[in-house]
Amino acid sequence: HKKQVGPNQAWLLLPFIFFISCLLSHLVFINTKLVSLDDLVIPLAYDKEGVEFGVPDELVHRLKQIVICIEDWSWGPDQIMTKQNRIGYTVFSSVFQYLLPLATITVVYFKIYFFIKTSRLNLPHTRQKKQRRTNSILFAMSIIFFASWLPFSVFCILTEVFEIFNSTDTMMLTFLICHMVGVSSSITNPILYGFLNNNFVKEFRMIFPLVTKWVGRKANT
């Protein structure tokens, strides 16, 4: 058997993980800046034929007073943000935020699965049943992570490569839905851990009637 990571080694790994996280995310930090809306709107003030249409001075003055935070991924000597820059950043984000974590948890969970499968051959039936439940939890967590973040990753790539939305409202609504589905995985994991754990289910069944009675009494007073 391979030697497991001890508590001291685990504590030493934490700064390393923190450093890697900062290293991967610092690109967003250094490419983020504050700009006024007139810097974004006026360069885009062209019709479909490419003819510039005038922006009223009053509107320009109001746009200058509105400052927003954006990610500026313009590269090269001209510092012009092109479509290729955005696609490159989107692919980079998808690889490190979705594909790499998905591959990592898949490999780790499969190793745990095969370890449990080979080690339970001589175990009693009750322990084998518990370990099968553990395998179910690991498999479900992998599937949930894959299904939760897939729509958001596909949305980000498609919106950068193709013009698939006719209005900004539709695009933002789709973005919101996909992002909410993705972050929902943060609450599904505790639910899986809880309700696939027999001890938690027993305690929950004992406490839940007491909580509902207490809430009912508070509502009637």
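Which helices each supply at least two residues of the lining of the largest pocket? In this predicted model, they are α4 (83–119), α5 and α6 (168–183). The greatest contribution to that lining comes from α4, with eight residues. In total, 26 residues line the largest pocket, and its volume is about 910 Å³. Those nearest the centre of the pocket are Arg-86, Phe-155, Thr-159, Glu-160 and Met-171.

The secondary structure of the chain consists of eight helices and two strands. Read from the N terminus, the order of elements is α-β-α-α-β-α-α-α-α-α. The chain has 221 residues, of which 19% are buried. Of the contacts between residues at least 6 apart in sequence, 64% link residues at least 24 apart.

Two positions were examined individually, one within a helix and one in a loop. Ser-153 belongs to helix α5, which covers residues 125–161. Its relative accessibility is 9%, and because values under 20% are classed as buried, Ser-153 is assigned to that class. The side chain of Ser-153 lies 3.0 Å from the backbone oxygen of Trp-149. When neighbours within four places in sequence are set aside, the contacts of Ser-153 are with Ser-94 and Tyr-98.

Ile-164 is located in the loop that connects α5 and α6. With a relative accessibility of 45%, Ile-164 falls between the 20% and 50% limits and therefore counts as partly exposed. Apart from residues up to four places away in sequence, Ile-164 touches Leu-158 and Thr-159. Thr-159 is also among the residues nearest the centre of the largest pocket.

The geometry of helix α8 was compared with the expected span. This helix comprises 23 residues, numbered 198–220. At 1.5 Å a residue, multiplied by one less than the number of residues, the expected span is 33 Å. The C-alpha atoms at the two ends of α8 are 34 Å apart, so the span agrees with the expected value. A bend of about 25° is nevertheless present in α8 at Ile-207. A proline, Pro-209, follows Ile-207 within four residues.

Terms used
Residues are numbered from 1 along each chain as its sequence is written. This is a predicted model: local features need pLDDT of at least 70, side-chain atom pairs count only at pLDDT 80 or more; totals for chains, interfaces and linings use all residues. Side-chain values use heavy atoms; hydrogens and water are left out. The bend at a residue is the angle between axes fitted to the seven residues ending there and the seven starting there. Buried means under 20% relative accessible area, exposed over 50%, partly exposed in between (1.4 Å probe, protein chains only). A polar contact is a pair of N or O atoms within 3.5 Å; within protein, one must be able to donate a hydrogen and the other to accept it, and residues adjacent in sequence count only if both atoms are side-chain atoms. Contact means heavy atoms within 4.5 Å. On a 1 Å grid over the protein atoms alone, a cavity is a set of points where a 1.4 Å probe fits but cannot get out, and a pocket is an open set with protein on both sides within 12 Å along at least five of seven lines; lining residues have an atom within 4 Å of a point. Grid points are joined across faces, edges and corners, and a volume is the space filled by probe spheres set on the points.
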